[in-house]
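Subject: A structure for you to look at

Hello,

Here is the structure I promised to hand over. Please open it and keep it in view while you read my notes below.

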Amino acid sequence: MLRVLLLTTFVALAGCASTGTEAAGDDGPTASVEVQNRNWIAMEIFATAQGQRVRLGRLSAGRERTYTLPGRLFAAGPTAVAFEMEADGSEREVLRETISVAPGETVILVIPNTR
């Protein structure tokens with residue numbers, strides 16, 4: 001009897017589990033941006049499209065990382081994504097680059113050394 005109860009509980013819980021792709025806020029196909037920070041200072045990375053600004057993360061100097069762009073930025077298909085890179089520290093330098101991005105695509109964004 002206990003085995004049947006445990007099995008029933010397990011099956012019920014498994015049915016409630018999420019795969020991550022069906023989570024609340026799932027907004028369609030995503031895209032990726034590979035960011036290469038060639039600057040001498042860490043940068044905060046943001047993406048803006050469709051009137052929405054999304055913080056992607058912080059990237060240390062000399063590092064590279066791939067970020068996922070949310071599908072809601074591509075509601076109308078391929079779109080121009082404006083990337084902003086804000087320097088950490090007292091100078092608050094802001095670099096901007098706009099790249100056309102399509103759902104499912106990976107684009108490369110290189111942050112140049114500004115010194």
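Thr79 is buried, because its relative accessible area is 13% and the cut-off for buried is under 20%. This residue is found in strand E5. Leaving aside neighbours within four places in sequence, Thr79 is in contact with residues from several parts of the chain list: Ala49, Gln50, Leu73, Phe74, Ile99, Ser100 and Val101. Please remember that this is a predicted model.

How sure is the predictor?

The mean pLDDT of the chain is 80. A value of 70 or more is reached by 76% of the residues. Over residues 1-25, however, the pLDDT is below 50. That stretch has 2 contacts in the model beyond near neighbours in sequence.

The hairpin of E2 and E3

Now go to Gln50, one of the contacts of Thr79. Gln50 sits in the loop between strand E2 (43-49) and strand E3 (52-59). These two strands form a hairpin, with 2 residues between them. They run antiparallel, and 7 bridges join them. As one example of facing residues, Glu44 stands opposite Arg58 in E3.

What is the sign of phi at Gln50, a residue other than glycine? The value is positive, near 55°. Most residues other than glycine have a negative phi. Is Gln50 buried or exposed? Neither label fits: Gln50 is partly exposed, because its relative accessible area of 40% falls between the cut-offs of 20% and 50%.

Stay with the hairpin for Thr48, which is in strand E2. Thr48 is partly exposed too, with a relative accessible area of 27%. Which residues does Thr48 touch, not counting those up to four places away in sequence? They are Arg53, Ala80, Val81 and Ala82. Take Val81: Thr48 and Val81 are 33 residues apart along the chain, yet their C-alpha atoms are separated by 5.7 Å.

Arg53 also turns up in another place. It lies over the face of Phe46, at 3.8 Å from the ring centre. How many aromatic pairs does the structure hold? The count is 0.

The loop after E5

Next, find Gly89. Its place is in the loop between strand E5 (79-87) and strand E6 (94-101). Gly89 is partly exposed, with a relative accessible area of 48%. Gly89 and Ala42 are 47 residues apart in sequence. In space, they are 8.5 Å apart, C-alpha to C-alpha.

The open sheet

Last, look at the sheet with the order E4-E1-E7. This sheet is open, has 3 strands and shows mixed pairing. Its edge strands are E4 (64-69) and E7 (106-111), and each pairs on one side only. Neighbouring strands here are turned by 25° against each other on average, direction ignored.

How many bridges join strand E1 (residues 31-37) to E4? There are 6, and the two strands run antiparallel. Val35 stands opposite Arg65 in E4. As background, strands of a sheet pair through backbone hydrogen bonds, either parallel or antiparallel.

A short route for your viewing: start at Thr79 in E5, move to Gln50 in the loop between E2 and E3, then go on to Gly89 in the loop between E5 and E6. Finish on the sheet in the order E4-E1-E7.

Best wishes

Methods: Residues numbered from 1 in each chain as written. Predicted model: local features only at pLDDT ≥ 70, side-chain atom pairs only at ≥ 80, totals over all residues. Heavy atoms only, no water. Pairing = 2+ DSSP bridges. Helix = DSSP H or I, 4+ residues; strand = E, 2+ residues; numbered from the N terminus. Axes fitted to C-alpha atoms, helices over the stretch in contact; angles between N-to-C directions. pLDDT = per-residue confidence, 0-100. Contact = heavy atoms within 4.5 Å. Phe/Tyr/Trp six-rings, centres within 6.5 Å; stacked < 30°, edge-to-face > 60°. Lys NZ or Arg CZ within 6 Å of the ring centre and 35° of its normal. Buried < 20%, exposed > 50% of the residue type's maximum accessible area, 1.4 Å probe, protein only.
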